[in-house]
Structure formats: C-alpha cells, structure tokens
Amino acid sequence: MNQIDVIFSDAANSRATDIHIDPVMDGYQIRYRIDGKLRLNRNLKKSAGISLINQIKAAAGIEPGTAFLPKDERIKLSISGRSLDLRITLVPCISGPKIAIRLLDPNNVIREIPQLGLQPEDRTALEEWTRSLNGMILVTGPTSSGKTTTLYSLLYEIAEESRHVVTVEDPVEYEIDGINQIQVDNRHNLDFAEGVKTALRLDPDCVMVGEIRAHDAAFEAVNAAVQGHVVMATLHSRDMVSAVTRLRNYDIENHQITTALGVVVNQRLVRKLCDHCRKKGEVTESTKTFFESNRVSIPETLFLPVGCEHCANSGYFGRTGIFEIWNLDVSDYELILANQDEKAIRNKLKNDNHTFILHDAAKKLADGTTSFDEIKVLGLDLPWTTGRASP
Ligand SMILES: [Zn+2]
C-alpha cells in the first residue's frame with residue numbers, strides 16, 4: 001500500500017469524517033476528526049508530508065503548478081476494496097500547503113428514523129408526519145447538529161416510486177437514487193430561492209430545501225407549502241419555538257406561517273459514552289443547579305467517560321442526537337396568529353407538559369447515553385428563565 005492508501009483506509013477504519021494535513025514547525029501533522037473532535041494521528045517529517053500532499057494532489061487531478069490558489073475537488077477512490085467519496089480542499093498557508101479532506105460515506109449518514117436516537121414519543125411524532133405529510137417540516141439547530149442526517153432519514157422514509165422528490169442543496173452531500181437533487185450555484189444565480197422555484201417547475205410532490213437562510217428562500221419554501229407541496233427544510237434557530245421568530249424575521253406573515261408550518265424539530269449532536277468503559281458518577285451540585293434553573297427534573301443517575309482500548313481512550317464512541325419535536329396544533333396556531341412572542345408560546349407548551357430538548361438530555365444522562373460535559377457545552381438553557389430573546 002502506498003502512503004495515501006494507508007492513511008485513508010486507517011481514517012475510514014477509525015470512523016473519521018475528516019482528515020487534516022497541516023504544516024507545523026518541523027514537518028506535517030495528520031489529525032482525524034472522530035465523533036466531532038480532532039485527534040492527532042501522526043506526525044510526518046517535512047519531506048514525507050510534502051510527498052503525501054503531492055500524491056493527494058495527483059489523485060485529485062490538481063496540477064502541480066497551481067500551488068498558490070485554493071482548490072476544491074471531489075473524487076472517488078477505491079482503497080482496500082472500499083469505495084470512498086472524498087471532498088478535498090487545498091489551501092496554501094504561510095507555512096506551507098494545508099489539506100482538509102471530508103470522507104463522505106453514505107453508510108454513515110443515511111439512517112432510518114429509529115436510528116436517530118429519538119425517544120419513543122418523538123419517534124412516533126416524526127413517523128406520523130411521514131404518513132400524513134401534513135404541513136412543512138423544519139429541522140432546526142446550529143451548524144453540525146445533525147439536521148441533514150434527520151432530513152435524509154425522512155427523505156429515505158417518504159421517497160417511493162409514486163412520489164416525485166426534488167431537493168435543493170448546498171452542497172449535495174450524498175447522491176440518493178431516484179431523487180432529483182439540485183446543487184445551489186450562486187455564481188449562476190441559482191440560490192436556494194431560485195432552486196425552489198426551479199424545483200416547483202418540475203412538478204414535485206415533495207421539495208427538500210437544504211437550508212433557509214434568507215428572506216427569499218423562506219418566502220419560496222413557505223409559498224410551496226401553502227400551495228400544497230410537501231416541504232422539508234433546515235433553519236438555524238436556537239430552539240423549536242424560535243423557528244417562528246426566525247420566519248417572522250424573514251418577513252413571513254403569521255397567517256402564512258400557520259398555513260404552512262406542520263412540525264418543527266430542534267436538535268443537537270452529543271458524543272455517546274463508550275459502553276465498554278463508562279462508569280457511574282455522582283450527581284454533582286452544578287448538575288442539580290443546571291437542571292433546577294431550567295425547570296427540568298434532575299437525573300437520578302449520571303455516567304462518566306473513562307477510556308479503554310475500544311474507544312481509543314477517549315471515553316466516547318459514536319454520536320447521537322438530542323431532540324425536541326413540536327407538532328403544532330390549533331392552539332399553537334391561535335397564539336401565532338395573535339402575534340404572541342416565543343416566550344408566550346413556550347410557556348403555553350410548558351403548561352401543556354410538552355417535552356423540551358433538556359428533558360431528552362436528562363433522560364440520556366440518566367440512562368448513560370452521554371455525559372453532563374457533553375450537554376453543558378451545548379448552552380441549552382431555556383430562554384424563558386433568562387428572558388433572553390432569540391438571536
Ligand atoms: Zn471505552
């Protein structure tokens with residue numbers, strides 16, 4: 001095996017999603033991103049690092065003479081009988097060229113709904129939506145919170161021969177057989193909004209919008225839903241209720257929101273504790289304070305990471321989502337039409353005993369799925385306790 005094969009197959013076997021090859025003081029450093037965190041894999045002497053970068057450039061068809069321009073290439077490589085889809089970004093830095101490689105393995109991303117890590121009632125809510133296809137579904141959360149994985153699992157569930165599904169994505173991460181995927185291309189004025197308009201001309205049953213991040217895309221997506229199309233989209237918002245604020249900020253009228261919106265999913269990704277080595281820990285004062293101040297019951301048990309051979313001493317293995325799902329009903333629509341703010345809507349849901357993302361987090365702490373450290377860093381304190389408005 002040559003050097004590329006060794007590193008790429010090692011990365012794929014280590015469950016890495018990205019490989020970073022960085023120039024450092026006395027050579028090159030190779031790091032893998034595993035479960036969302038970078039880990040040092042090995043150091044190379046300068047000559048070995050340069051030789052590796054040249055091999056990767058050759059494999060990606062990047063001409064040797066263009067070292068001063070950033071490059072982005074997508075290639076397929078067959079390594080040890082395994083087909084890898086790679087997105088390679090080469091950037092010249094002061095200290096030398098740097099390469100970042102994203103390993104796109106459809107087997108890692110396309111999950112069925114039961115594999116997402118939903119509590120039974122949340123899973124039922126999503127499965128009900130895939131049967132009724134009632135109203136637009138918005139999957140919300142910050143970058144890298146697993147939104148695309150959730151959307152793809154919904155697509156996977158609803159894509160069938162009798163349905164015409166069109167997606168508008170940037171980038172198209174995974175090609176799905178039987179679905180028409182449109183790549184956003186801003187250089188040719190094909191943005192998300194234009195993509196949705198194009199998709200609608202193709203007579204679709206269902207349109208998936210990779211991301212609503214401006215008024216125009218929000219307007220076109222809501223419009224498609226109002227016209228009776230099944231619309232699925234992601235949106236950046238801090239929690240499920242603030243999705244309404246976000247749509248209002250994009251100048252979508254309350255009556256359009258209530259006509260279009262069916263379900264909002266809000267989610268984050270956390271690392272899962274390695275079940276070979278995790279150990280029971282104390283429920284600390286800071287944990288108690290955290291849950292009490294957010295009006296969520298304190299978990300009775302907690303588990304801590306340890307580290308063993310199985311998890312490469314990290315204490316964690318794999319990731320899962322934590323969720324809150326809001327299936328809007330008539331009383332929610334009344335509040336939106338009455339222009340009530342998100343705080344009022346949240347309080348109403350609280351009074352209905354609706355579960356919020358921290359309830360799911362508390363359950364996943366108590367059963368040892370994840371650790372309090374993983375939850376703490378997400379900054380999930382609920383806005384009704386602080387009175388803070390959504391950004
Ligand atoms: Zn372990």
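Mentor: Let's start with a cut-off: buried means under 20% relative accessible area. Bear in mind that this is a predicted model. By that cut-off, Phe-290 and Phe-291 are both buried.

Trainee: Why does Phe-290 count as buried?

Mentor: The relative accessibility of Phe-290 is 16%, and the limit is under 20%, so Phe-290 counts as buried.

Trainee: What makes Phe-290 and Phe-291 an edge-to-face pair?

Mentor: Their ring centres are 5.1 Å apart, and rings pair if the centres lie within 6.5 Å. The planes stand at 90°; since over 60 degrees counts as edge-to-face, the name follows.

Trainee: Why is the pair of Phe-290 and Phe-372 called edge-to-face?

Mentor: Try the two checks again. The centres are 5.4 Å apart and the planes are at 70°. With limits of 6.5 Å for pairing and over 60 degrees for edge-to-face, the pair is therefore edge-to-face.

Trainee: Why do you say that this pair ties together parts that are 82 residues apart in sequence?

Mentor: Because Phe-290 belongs to helix 10 (residues 285–293), while Phe-372 belongs to helix 14 (residues 372–376). Phe-372 has a relative accessibility of 9%, so Phe-372 counts as buried. Phe-290, Phe-291 and Phe-372 make up one aromatic cluster, and the structure holds four aromatic pairs.

Trainee: Let's turn to charges. What makes Asp-22 and Lys-98 a salt bridge?

Mentor: Their closest N and O atoms are 2.4 Å apart, and the rule asks for a nitrogen within 4 Å of a carboxyl oxygen, so the pair qualifies. Asp-22 sits in strand 1 (residues 18–24) and Lys-98 in strand 6 (residues 96–104), 76 residues apart. Both Asp-22 and Lys-98 are buried.

Trainee: How do you know that Arg-163 and Glu-160 form a salt bridge?

Mentor: The closest N and O atoms of Arg-163 and Glu-160 are 3.6 Å apart, which is within 4 Å and therefore meets the rule. Arg-163 has a relative accessible area of 23% and Glu-160 has 42%. Partly exposed lies between the 20% and 50% limits, so the term fits each value.

Trainee: And Glu-211 with Arg-213: which of these counts as buried, and which as partly exposed?

Mentor: Glu-211, at 17% relative accessibility, counts as buried, whereas Arg-213, at 42%, counts as partly exposed. Their closest N and O atoms are 3.1 Å apart.

Trainee: How many salt bridges are there by this rule?

Mentor: The count comes to 22. A network of salt bridges links Asp-329, Asp-332, Lys-348 and Asp-352.

Definitions and conventions: Residues are numbered from 1 along each chain as its sequence is written. This is a predicted model: local features need pLDDT of at least 70, side-chain atom pairs count only at pLDDT 80 or more; totals for chains, interfaces and linings use all residues. Side-chain values use heavy atoms; hydrogens and water are left out. A salt bridge is a side-chain nitrogen of Lys or Arg within 4 Å of a carboxyl oxygen of Asp or Glu. Helices (H or I, at least four residues) and strands (E, at least two) are DSSP runs, numbered from the N terminus. Buried means under 20% relative accessible area, exposed over 50%, partly exposed in between (1.4 Å probe, protein chains only). Rings of Phe, Tyr and Trp (its six-membered ring) pair if their centres lie within 6.5 Å; planes under 30 degrees apart count as stacked, over 60 as edge-to-face and the rest as tilted.
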